Amino acid sequence: KAKPTFLREMFDTLGTPFLWVDVDCDVLQYPTAAEALSGDWACVQNPGRLFVCDCVHYVGHSERTRTLLDTWIATCAAPGTAGSHSGFCRILPAAVDDGLRLEYLPQSYVHGPTIRIGLADTPSKLDYLADMTCKSSVA
C-alpha cells in the first residue's frame, strides 16, 4: 500500500514521466521502449486474474495520472482492500473509461532480457509467474 503513495510523491517531486521498477527486479538492459511512451500510464499485461503486472510502471505526468494516483491511494486506504496491486486493478478500468491514456510495456519488461521480475513471495507475483506463456504486448 506504500507504492501508490511513493509514486505520487515522485510524481510531484520529479515533475516529469518516470519508470518505476520494483526493488526486487533485475534491470538487465536499458529500458528503451519506455522512451517512446507518451501516455498517462503504462504497465505490462498479465494473463492472470490481476490483469496487469505490478512490478514495472511507466508513470506519465498529467492531471489524469495525478487523479489515478490519488484514487489508487484512497482505494488502498479503504477497508477491505487486499493490497496495492488488487487496488490498482480495481480502479484502472474506470480510469481508462474516464480518459486515462493507457499503454502497455513489452513482456521483456518482466521476463527479460530488459527487466526480469523479482522473486518476492507475494500473491500478485506468484499469480503472474504461474502463467509464463503470455504473448508479447506493445513492443
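Here are some notes to help you find your way around this structure, which is a predicted model.

1. Let's start with the overall layout. The chain holds five helices and six strands, and their order along the sequence is α-β-β-β-β-α-α-β-α-β-α. Of its 139 residues, 45% count as buried. Among contacts with a separation of 6 or more, 70% are between residues 24 or more positions apart.

2. A good place to look next is helix α2, residues 63-77. Its 15 residues reach 21 Å from the first C-alpha to the last, close to the 21 Å expected at 1.5 Å a residue. At the start of α2, look for Ser-62, where a side-chain oxygen comes to within 3.3 Å of the backbone nitrogen of Arg-64.

3. Which residues of α2 are buried? They are Thr-65, Leu-68, Leu-69, Trp-72, Thr-75 and Cys-76. These residues lie on the same side of α2, because they cover an arc of only 130° around the axis. The exposed residues Glu-63 and Ala-77 sit on the face turned away from that buried side. As for partners, the buried residues of α2 pack against α1 (2-14), β3, β4 (52-59) and α3.

4. Now to the aromatic rings, for which the count comes to four pairs. One of them is Trp-41 with Trp-72, an edge-to-face pair with 6.1 Å from centre to centre and 80° between the planes. Trp-41 belongs to strand β3 (residues 41-45) and Trp-72 to helix α2, so this pair ties together parts that are 31 residues apart in sequence. Both Trp-41 and Trp-72 are buried.

5. Trp-41 also pairs with Phe-88. Here the ring centres are 5.5 Å apart and the planes meet at 35°, so the pair is tilted. This pair, too, links distant parts of the chain: Trp-41 is in strand β3 and Phe-88 in helix α3 (residues 84-97), 47 residues apart. Trp-41 has a relative accessible area of 0%, and Phe-88 is likewise buried at 0% relative accessibility. Taken together, ring pairs join Trp-41, Trp-72 and Phe-88 into a cluster.

6. You may wonder about the cysteines. How many disulfides does a search of the whole structure find? The search finds zero. Take Cys-53: the closest cysteine sulfur, in Cys-55, is 3.3 Å from its own sulfur, which is too far for a bond, because a disulfide needs the two sulfur atoms within 2.5 Å. For Cys-89, the closest cysteine sulfur is in Cys-43 at 8.0 Å, again too far for a bond. Both residues are on the inside by the accessibility count: Cys-53 is buried at 3% relative accessibility, and Cys-89 is buried with a relative accessible area of 8%.

7. One last stop is a loop residue. Gln-107 is found in the loop between β5 (102-104) and α4 (108-111). Is Gln-107 buried or exposed? At 7% relative accessibility, Gln-107 counts as buried, because the cut-off is under 20%. A polar atom of the Gln-107 side chain lies 3.0 Å from the backbone oxygen of Gln-45, and residues 41-45 make up strand β3.

Terms used:
Residues are numbered from 1 along each chain as its sequence is written. Side-chain values use heavy atoms; hydrogens and water are left out. Buried means under 20% relative accessible area, exposed over 50%, partly exposed in between (1.4 Å probe, protein chains only). Rings of Phe, Tyr and Trp (its six-membered ring) pair if their centres lie within 6.5 Å; planes under 30 degrees apart count as stacked, over 60 as edge-to-face and the rest as tilted. Helices (H or I, at least four residues) and strands (E, at least two) are DSSP runs, numbered from the N terminus. The expected span of a helix is 1.5 Å times one less than its number of residues. The arc is that of the directions from the helix axis to the C-beta atoms. Contact means heavy atoms within 4.5 Å. A polar contact is a pair of N or O atoms within 3.5 Å; within protein, one must be able to donate a hydrogen and the other to accept it, and residues adjacent in sequence count only if both atoms are side-chain atoms.
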